[in-house]
Amino acid sequence: MSQPLRAVSLGALLILVGTLVFGQAFEGNITMKLTTDDGTQTLQYQVKADRIRLDVEHEGMQSSFIVDGPAKKMYVLIPMMQAYTEMKLEDGPAKGSGTKESEPVVKKTGKTETILGYRCEQILITHSGKETEVWATKGLGRFIQLDPGGGTASAWERELASGDVFPLRVIEKDAKGKQVSTMEVTAVEKKSLSDSLFKVPANYNKLDIPMMGRPDH
């Protein structure tokens, strides 16, 4: 999995948001379980209108990522330091590394499955010999790709970011057909969220990290 939902440490602060999301119809909390070779991890993904918050805990350290659509900014909160970093965002899909890559092959199989009460469609995405099986719904708005580490998004992330769909299950396999990671939504809770969840706490100090994120133009 290209790092949008991989384990996040303080040394891999989120420095790329692929797509700004505006006017999300869903408001509430989405719980995700990510399983990789590094183990299993639970992520909390909260959505309110055009703002998104992702809470991640890894190796005893917690980080929170806030995307503020109207301000076109993203904040990384570091609770153990009572500090945060800030970066400007761009509209539209994230730019690649500049290298020419083959386009992914996307196949909608026509198969459907109900997951947590949401009708999902199976999408198979093949790229560089690797296949990703995605079960996505239109009931939760658009998926925003979060990439800690600054790499380009994977094929399935780019495909989902370009449409009004959200993945409830993702299974990634390597070129030999071996399953290498899974992401599954385990709970969806529609509820009103406080605006304070999407703001930097007043007692946090701002950190300036050189070369973090896209350069301002």
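This is a short tour of a predicted model, stop by stop.

**Start: colour by confidence**

Colour the protein chain by pLDDT; the average is 76, and 68% of the residues score at least 70. Select strand 1 (residues 14-17), which has the lowest mean pLDDT among the elements of the chain, at 34. Then select strand 14 (residues 205-206), which has the highest, at 94.

Two further stretches should be marked before moving on. Over residues 93-100 pLDDT stays under 50, and the model has 11 contacts for them beyond four places in sequence. Over residues 147-152 pLDDT also stays under 50, with 24 contacts beyond four places in sequence.

**The largest nonpolar core**

Now show side chains for Ile30, Met32, Tyr45, Leu140, Phe166, Leu168 and Val185. These have the most contacts inside the largest nonpolar core, a set of 31 residues. Add strand 9 (residues 118-127), which gives the most to this core, with 4 residues.

Centre the view on Val185. Which residues does Val185 touch, leaving aside those up to four places away in sequence? They are Ile30, Thr31, Met32, Leu116, Phe166, Pro167 and Leu168.

Another core lies apart from the largest one; it has 7 residues, among them Tyr75, Leu77, Leu193 and Tyr204.

**Strands 5 and 6**

Keep Tyr75 in view and select strand 5 (residues 61-68) together with strand 6 (residues 73-78). The two strands run antiparallel and are joined by 5 bridges. In this pairing, Ile66 of strand 5 stands opposite Tyr75 in strand 6. The two strands form a hairpin with 4 residues between them, and in the turn Lys72 has a positive phi of about 55 degrees.

Is strand 5 largely enclosed or largely in the open? Of its 8 residues, 6 are buried, so strand 5 is largely enclosed by the rest of the structure.

**Strands 8 and 9**

Finish with strand 8 (residues 105-115), and bring back strand 9. Strand 8 has 11 residues, of which 1 is buried, so this strand lies largely in the open. Strand 9, its partner, is the strand that gives the most residues to the largest core.

Strand 8 pairs with strand 9 in the antiparallel sense over 8 bridges. To see one pair, select Glu113 and its bridge partner in strand 9, Cys120. Follow strand 8 to the hairpin, where 2 residues lie between the strands and Leu116 takes a positive phi near 55 degrees. Leu116 was also met earlier, as one of the residues that Val185 touches.

Notes: Residues numbered from 1 in each chain as written. Predicted model: local features only at pLDDT ≥ 70, side-chain atom pairs only at ≥ 80, totals over all residues. Heavy atoms only, no water. Core = buried A, V, L, I, M, F, W, Y, C linked by side-chain atoms within 4.5 Å. Buried < 20%, exposed > 50% of the residue type's maximum accessible area, 1.4 Å probe, protein only. Contact = heavy atoms within 4.5 Å. pLDDT = per-residue confidence, 0-100. Pairing = 2+ DSSP bridges.
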